[in-house]
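Student: Please take a close look at one part of this model for me. I would like the open sheet, with what lies across it and the pockets that draw on its elements.

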Amino acid sequence: MNILVDLGHAESIASAEAELLTMALSLADGGVVSALTHVPLQDQLVADLGPYGVGRVFAPQTVAADVSATDTGLLESVIRETGPRLVLASPTADATEWFGRLGARLGAAVITEAIALAEDRTVTKSVLAGTHTTRVVPKTDLVFVTVKANSIEAQPAPSATTPQTHRCEPGIARPAARIVSTSPAPVSDRPKLTEARVVVAGGRGLDGDFSLVEQLADELGGAVGASRAATDAGWIEHSAQIGQTGVTVSPQLFVSVGISGAVQQRAGMQTSKVIVAINKDEEAQVFEIADFGIVGDLNDVLPQAIAEIRRRRG
Ligand SMILES: Cc1cc2nc3c(=O)[nH]c(=O)nc-3n(C[C@H](O)[C@H](O)[C@H](O)COP(=O)(O)OP(=O)(O)OC[C@H]3O[C@@H](n4cnc5c(N)ncnc54)[C@H](O)[C@@H]3O)c2cc1C
């Protein structure tokens, strides 16, 4: 089947995009994998796509000064051109909105935050605050699916391609909205929380001081997350909140520090591959889902863990 991967505003390929492309090629079964970027094409992106077996790449000539309707129009025009049965994207707020709009317009199923996809397009996802895992079988010819980061290991295609490049246009006369100002997101050396392979998250047990959590995250090359108790207290920005009303993460390693493990918090992290919990209360709920649990005061445990990691690194 033909598959389209919507790369959002990507100018090059990072880990989340590489995972989507790997998934697309594994499901295409001889069909063409196409990619769409919503910004003008960079040579770097074309070079990055070849190793993942992408056949065609679409991009607009200019960055539009309007939002949402134009992005949706671009995606719709490429769907009409490539005839995919499956459109994939990362579960960003943007892609989720575009998929919702187009799903309604084209009568296509929209399934968000998948953790696996089968060749017959059956989607596996976690629901009801992460308490159940469901399999969803789309019945429409076209289906839009957003896929959580770290759901699949990124791997290059058996043979690389030279993607054909195509220009695309939104094909709408009147945009519904226009950008009047933009401000850059704060720059951080740490990986993006939703894409990081390691996440170290802190809760109320930190008592306002995230420095040990940040040090451990930096030693492990990870991102810093938090429980709602910590973000509500203003100890860290709200974008770091993990859970039902925050972001969902699914890293290879999740270290939970001074977090009780309430169901709403677990909803955002329990599909992590390995969960390490540090809590001074041996009855804390987080130990129910932890692969490794340390009962102890985080102020004793974290400095020892950080020192040991540094010692082993030399
Ligand atoms: C509709 C709804 C949506 C919600 N959405 C979210 C969400 O998205 N994300 C979220 O996180 N919460 C969410 N919550 C809140 C959630 O129910 C919990 O209240 C919250 O997760 C608690 O945060 P916490 O674990 O940091 O704090 P607490 O529950 O107070 O736990 C603190 C933990 O730290 C331990 N501790 C204390 N001191 C130390 C120490 N020195 N060393 C080691 N351990 C220590 C304690 O033993 C305790 O287990 C939601 C609630 C509702 C009702």
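Tutor: What follows goes from the sheet to its helices and then to the pockets. The model is a predicted one.

Start with the strand order. The open sheet has five strands, arranged E11-E10-E12-E13-E14. Their pairing is parallel. In general, the strands of a sheet pair through backbone hydrogen bonds, in either a parallel or an antiparallel way. At the edges sit strand E11 (223-226) and strand E14 (292-295). Each of these two pairs on one side only. On average, neighbouring strands in this sheet are turned by 15 degrees against each other, with direction ignored.

Now take one pair inside that order. Strand E12 covers residues 253-257, and strand E13 covers residues 274-279. The two run parallel and share five bridges. One residue pair can be named here: leucine 253 has valine 274 of E13 as its bridge partner.

Next, the helices. Helix H5 (residues 211-220) lies across E10, E11 and E12. Strand E10 spans 198-202, and H5 runs at about 175 degrees to it. Helix H8 (residues 298-313) lies across E12, E13 and E14. The angle between H8 and E13 is about 135 degrees. Strand E12 is thus crossed by H5 and also by H8.

Then the pockets. The largest has a volume of about 1,300 Å³. Its lining counts 45 residues, and Pro191, Lys192, Leu193, Thr194 and Glu195 are the closest to its centre. The edge strand E11 supplies at least two lining residues, as do helix H1 (15-28) and helix H4 (93-106). H1 gives the largest share, five residues. By type, the lining holds 25 nonpolar, nine polar and 11 charged residues.

The second largest pocket contains about 540 Å³ of space. It has 30 lining residues. Nearest its centre are Arg204, Ser227, Gly258, Ile259 and Ser260. Two elements already met, E13 and H8, each give two or more residues to this lining. Helix H6 (228-232) and helix H7 (263-266) do so too. This lining divides into eight nonpolar, 15 polar and seven charged residues.

To tie it together: E11, an edge strand, contributes to the lining of the largest pocket. E13, paired with E12, contributes to the lining of the second largest pocket. H8 lies across E13 and lines that second pocket as well.

Definitions and conventions. Residues numbered from 1 in each chain as written. Predicted model: local features only at pLDDT ≥ 70, side-chain atom pairs only at ≥ 80, totals over all residues. Heavy atoms only, no water. Pairing = 2+ DSSP bridges. Helix = DSSP H or I, 4+ residues; strand = E, 2+ residues; numbered from the N terminus. Axes fitted to C-alpha atoms, helices over the stretch in contact; angles between N-to-C directions. Contact = heavy atoms within 4.5 Å. 1 Å grid on protein atoms, 1.4 Å probe; cavity = no way out; pocket = protein on both sides within 12 Å on 5 of 7 lines; lining within 4 Å. Points joined across faces, edges and corners; volume = space filled by probe spheres on them. Nonpolar A, V, L, I, M, F, W, Y, C, P; charged D, E, K, R; others polar.
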